[in-house]
Amino acid sequence: MNQLLILSILAVLPLMEGLEITNLTACTSETNNLKLDCNFREKTGTIKYQWDFRSEKSQLVVASSANPNAVAATYKQRTKVTMTETQVNLILTGFGNSDSGNYTCRLFPSGGQEYNKSVSVMKAAVLKCSAPGLLLNTPWMLSLLLLFPFLQVLDAQPCGTKS
């Protein structure tokens with residue numbers, strides 16, 4: 001029994017220590033900017049990032065990096081990155097057909113292995129970013145909770161009755 005407990009703890013420890021990219025999404029804004037969001041599980045310590053781009057016709061290039069010397073000249077003035085404890089965001093201005101291809105979010109935790117995830121982005125097929133706070137952009141349960149007072153008012157007047 002004790003051996004099973006020790007094995008269970010040893011199996012879970014790497015999951016608790018390791019970094020994991022949980023989601024990578026892409027959308028375009030009304031001003032024709034590409035927005036990439038790389039979400040990850042928080043890990044203590046310093047995390048460095050790098051965004052890579054590969055089109056069907058070109059070699060791999062660095063679109064943005066914590067190391068500015070690694071960034072390709074064509075992307076230096078067009079990218080902006082913000083980083084929080086659980087997300088790295090890339091904004092690419094002037095998103096055009098030549099920017100269609102695969103984008104890879106690479107995370108490098110201090111003293112650990114590299115983690116990466118890729119997303120294919122095609123100019124003609126990429127989704128439009130929705131405005132934050134819209135009812136359609138909220139989880140369904142929250143939407144129902146927000147509509148609950150209105151549903152109660154409707155229920156107060158049964159159908160077919162006159163007041």
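# Salt bridges, disulfides and sheet pairing

Cys 129 is partly exposed, with a relative accessible area of 27% (buried is under 20%, exposed over 50%, partly exposed in between, using a 1.4 Å probe and protein chains only). This is a predicted model, in which local features need pLDDT of at least 70 and side-chain atom pairs count only at pLDDT 80 or more, while totals for chains, interfaces and linings use all residues. Residues are numbered from 1 along each chain as its sequence is written, and side-chain values use heavy atoms, without hydrogens and water. The model holds 2 disulfides and 5 salt bridges, and it has an open sheet formed by 4 strands.

**Disulfides**

- The structure's 2 disulfides (cysteine sulfur atoms within 2.5 Å) follow the pattern 1-4, 2-3 when bonded cysteines are counted along the chain.
- One of them joins Cys 27 to Cys 129, with 1.9 Å between the sulfur atoms.
- This pair links distant parts of the chain, as Cys 27 sits in strand β1 and Cys 129 in the loop between β8 (115–121) and α3 (140–156), 102 residues apart (helices and strands are DSSP runs of at least four and at least two residues, H or I for helices and E for strands, numbered from the N terminus).
- The torsion about the S-S bond of Cys 27 and Cys 129 is about 90 degrees, so this disulfide is right-handed.
- Cys 27 counts as buried at 14% relative accessibility, whereas its partner Cys 129 is partly exposed at 27%.
- The other disulfide is between Cys 38 and Cys 105, whose sulfur atoms are 2.2 Å apart.
- Cys 38 belongs to strand β2 and Cys 105 to strand β7, so their bond ties together parts that are 67 residues apart in sequence.
- Here the S-S torsion is about -85 degrees, so the disulfide of Cys 38 and Cys 105 is left-handed.
- Both ends are buried: Cys 38 has a relative accessibility of 0%, and Cys 105 has a relative accessible area of 1%.

**Salt bridges**

- Side chains of opposite charge can pair when their charged atoms come close.
- The count comes to 5 salt bridges (a side-chain nitrogen of Lys or Arg within 4 Å of a carboxyl oxygen of Asp or Glu).
- Among them is the bridge between the side chains of Glu 20 and Arg 41, at 2.4 Å from N to O.
- Glu 20 lies in the loop between α1 (2–17) and β1 (21–28), and Arg 41 in the loop between β2 (34–40) and β3 (47–54), so this bridge connects parts that are 21 residues apart in sequence.
- Glu 20 is partly exposed, at 36% relative accessibility.
- Which residues are linked in a network of salt bridges? They are Asp 52, Arg 106 and Glu 114.
- In that network, Arg 106 meets Asp 52 at 2.3 Å, N to O.
- Arg 106 is in strand β7 (residues 101–109) and Asp 52 in strand β3, which puts the two 54 residues apart in distant parts of the chain.
- Arg 106 also bridges to Glu 114, where the closest N and O atoms are 2.5 Å apart.
- Arg 106 counts as buried at 19% relative accessibility, and Asp 52 is buried at 2%, but Glu 114 is partly exposed at 34%.

**The open sheet**

- The 4 strands of the open sheet run in the order β1-β2-β6-β5, with antiparallel pairing (two strands pair if DSSP finds at least two bridges between them).
- β1 and β5 (79–83) stand at the edges with a single partner strand each, so one side of each has no neighbour in the sheet.
- β2 pairs with strand β6 (residues 87–92) in the antiparallel sense, over 6 bridges.
- Take Leu 36, for example: its bridge partner in β6 is Leu 90.

**Around Thr 104**

- Thr 104 has its place in strand β7 and is buried, with a relative accessible area of 8%.
- Its side chain makes a polar contact of 2.6 Å with the side chain of Ser 118 (N or O atoms within 3.5 Å, one able to donate a hydrogen and the other to accept it; residues adjacent in sequence count only if both atoms are side-chain atoms).
- Leaving aside neighbours within four places in sequence, Thr 104 is in contact with Gln 50, Trp 51, Asp 52, Asn 116, Lys 117 and Ser 118 (heavy atoms within 4.5 Å).
- Asp 52, on that list of contacts, is also part of the salt-bridge network with Arg 106 and Glu 114.
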